[in-house]
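Visitor: Please give me a close look at one part of this model, starting with what covers its buried residues. Then carry on to whatever else can be said.

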Amino acid sequence: MKQSKSKKDRKTSAWFQRHSKDPHVKRAQREGKRSRAVFKLTEILDSNHIFIKKDAVIVDLGCAPGSWSEELRNYVDSSGKIIGIDLLPLDPIRGVTLIQGDFDSPEGQQALKEALDGRKVDLVVSDMAPEMSGHKLVDQMRMIGLNEMTMYFAQQYLKPDGDVLMKTFMGQGYDVFRQEMGKNFKRIKNIKPAASRKTSPEFFLLGLGMKVWSEEI
Ligand SMILES: C[S@@+](CC[C@H](N)C(=O)[O-])C[C@H]1O[C@@H](n2cnc3c(N)ncnc32)[C@H](O)[C@@H]1O
């Protein structure tokens with residue numbers, strides 16, 4: 001007997017149709033990228049003239065499947081360091097230290113601290129987003145929670161004048177968070193890259209030139 005599609009099935013197939021037609025997905029496949037997300041990062045780095053030194057230390061939060069880390073690795077040489085963390089396992093990336101763990105947990109924080117091995121960070125990038133519950137306010141609060149953790153991490157490990165790029169959502173808690181972030185950076189920009197779907201609530205906050213640096217931890 002033919003069954004009518006559930007709401008979830010209809011949503012999944014609509015997503016799949018949109019995904020397979022997406023020019024950024026096609027380009028990522030053509031160029032052998034792990035994800036279309038890489039084009040958001042390159043656009044932001046290029047259009048904001050972010051200069052990454054060969055010996056830069058970069059931390060990539062929510063790095064799976066790895067397109068940002070893979071791209072960032074091209075900017076540094078063996079004197080630099082790229083560390084990525086994600087809840088999900090991912091295929092190894094040469095020259096990148098990958099941690100499978102929860103950034104928002106003491107274990108994840110400890111693993112990052114050990115991977116940094118005393119080095120301070122030039123750039124923190126975060127493409128993390130919470131798993132969507134479908135409840136707008138819950139998802140929004142989780143997103144802001146991840147943003148706050150990212151900022152806390154930056155305050156501990158970023159070099160003076162270092163930069164942070166993080167995904168966020170517009171909504172409750174955002175204004176307060178942005179104000180707080182503004183106290184720590186010389187300049188802040190809101191960016192919606194072309195590769196970010198117009199229907200997605202995501203955009204990126206770029207904090208340039210960290211002003212404060214906490215004492216040794
Ligand atoms: C959009 S994907 C990142 C794509 C990645 N920038 C790339 O280019 O391949 C977001 C990732 O954030 C991860 N994530 C969400 N919350 C996290 C957390 N608390 N700790 C670690 N990773 C998390 C998810 O598992 C997911 O893989």
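Guide: Helix H2 (23-30) and H4 are among the elements that cover the buried residues of H3, with contact meaning C-beta atoms, placed from the backbone, within 7 Å. The model is predicted: local features need pLDDT of at least 70, side-chain atom pairs count only at pLDDT 80 or more, and totals for chains, interfaces and linings use all residues. Residues are numbered from 1 along each chain as its sequence is written.

In H3 itself (residues 38-47), the buried positions are Val-38, Phe-39, Lys-40, Leu-41 and Leu-45 (20 or more other C-beta atoms within 10 Å of their own). Helices are DSSP runs of H or I with at least four residues, strands E runs of at least two, numbered from the N terminus. After H3 comes His-49, with a positive phi near 50°.

H4 (67-73) also belongs to the ligand's surroundings: H4 and strand E2 (81-86) are the elements that give two or more residues to the shell. Around the ligand are 22 residues, of which Ala-37, Gly-62, Ser-67, Phe-103 and Asp-127 come nearest; a residue counts if its C-beta atom lies within 6 Å. By type, the shell has 13 nonpolar, four polar and five charged residues. Here Ala, Val, Leu, Ile, Met, Phe, Trp, Tyr, Cys and Pro are nonpolar, Asp, Glu, Lys and Arg charged, and the others, Gly among them, polar.

Technical notes: Buried ≥ 20, exposed ≤ 12 C-beta atoms within 10 Å, placed from the backbone. Contact = placed C-beta atoms within 7 Å.
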